[in-house]
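Please open the model in your viewer and keep the selection tool at hand. The tour proceeds one selection at a time.

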Amino acid sequence: MSLGLTYDGCNFFRQRLVLSTLSGKRVKIRNIRSKDDNPGLRDFEASFIRLLDKVTNGTRIEINQTGTVLFYQPGLLYGGVVEHECNTQRSVGYYLEALLMLAPFMKNPLKAVLKGVTNDPTDPSVDKLKYTSIPVMKKFGIDGEGLELKVVRRGMAPGGGGEVLFTCPVRKTLRPVQLSEPGKIKRIRGIAYSVRVSPQMANRIVDSARSILNKFIPDIYIYTDHMKGDKSGKSPGFGLTLVAETLNGTFLSAEQVSTPQGQGDPVLPEDLGRNCAKLLLEEIYRGGCIDSANQSLALVYMTLGQQDVSKALLGHLSPYTIEFLRHMRDFFQMMFKIETQKPSEDERKGGDKVLMTCVGAGYTNISKSIK
């Protein structure tokens, strides 16, 4: 058994546990909020560890009495049918992002039912992951009928009460990708949702978002989704997820969610729609072939691909992604070649781009039996 890695503090907690699970290296995380008045792991982190325990077999987890030290020795990724009640401090997206990275490498196809908050202002919503992460997975050859992400019930923060179904097939190997041309934007799609408020809210959001986007492109369609009765969770709220699709099949997205009930100032649907449209334009300006929320997902798949060159053009790297690259080096000894590309004066191509190149680690799914 290789010696494990040791980290300090609670930052990038998910990254460390996910990469530990994929690489099979054990991890010790010390000083988790040790100077805090309320030291140790938070409830949502404990819930995250429980979820990892459910999708693996033989994982060893030790936590000291104060919850400030965690020892994690990963087992085999088992998959199968999993049901998990996510802690409502974070949205289901927080847990889903990790499952998206792990799901293709399990022994059995994953069918996960996650319950909790589906949309909140901090984490990517389930809608965003559905419209942007699933297409990224398809580019790496993870597709077919088994791949699905669907909102069964919507649950807004703080009460939650939502339910999400995620199913994913397993793959023995991932295919290398060459994503260097994002292409021009051809259409914008979106979904404006409202729960436990007037359905008119969603229409007001759509009108205000269109008032900005119509200046750029005619092909815009924003669905309204008003869930009623037991499908609407426990708290009121509304929000908007917008996705711009390019000719080459790149999806760039932005989203805004209303302030959770009882926290901060309420938001007008008009402002929310306009802000979301502006965020989408910013995301398009940043550009690249993978939108900023999925940079680390694409990098994991590139690292674990076959021993072949993969390239991806990304927009500005987020701080989360930069830390992720450092963790990749720790767990997989994987280094990326990073080239900056500046757009020329006459081309209206947006901000500086980064071309990431690596040779896959040739990771094969050992637990996947070959038929």
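The stops below concern an annotated domain, a pocket and a loop residue in this predicted model.

**First stop: the annotated domain.** Select residues 6-338. UniProt, in an unreviewed entry, lists this span as "domain: RNA 3'-terminal phosphate cyclase". Helix makes up 31% of the span and strand 28%. Mark the C-alpha atoms at its two ends, which lie 27 Å apart.

**Second stop: the second largest pocket.** Select E97, P121, T122, D123 and P124. Of the 33 residues that line the second largest pocket, these five are the closest to its centre. The volume of this pocket is about 740 Å³.

Next, colour the elements that each give two or more residues to the lining: the helices α1 (13-23), α2 (43-55), α3 (92-102), α6 (269-286), α7 (295-303) and α8 (319-332), together with the strand β15 (251-257). Which element gives the most to this lining? It is β15, with five residues.

Now colour the lining by residue class. Twelve of the lining residues are nonpolar, nine are polar and twelve are charged.

**Third stop: a loop residue.** Move on from β15 to the loop that lies between β15 and α6, and select L268 there. Is L268 buried, partly exposed or exposed? Its relative accessibility is 47%, so L268 counts as partly exposed; the exposed class begins over 50%.

Finally, keep L268 selected and add G141. These two residues are 127 residues apart along the chain, and a distance of 41 Å separates their C-alpha atoms.

Notes
Residues numbered from 1 in each chain as written. Predicted model: local features only at pLDDT ≥ 70, side-chain atom pairs only at ≥ 80, totals over all residues. Heavy atoms only, no water. 1 Å grid on protein atoms, 1.4 Å probe; cavity = no way out; pocket = protein on both sides within 12 Å on 5 of 7 lines; lining within 4 Å. Points joined across faces, edges and corners; volume = space filled by probe spheres on them. Helix = DSSP H or I, 4+ residues; strand = E, 2+ residues; numbered from the N terminus. Nonpolar A, V, L, I, M, F, W, Y, C, P; charged D, E, K, R; others polar. Buried < 20%, exposed > 50% of the residue type's maximum accessible area, 1.4 Å probe, protein only. UniProt positions renumbered as here; feature names shortened; annotations may be inferred.
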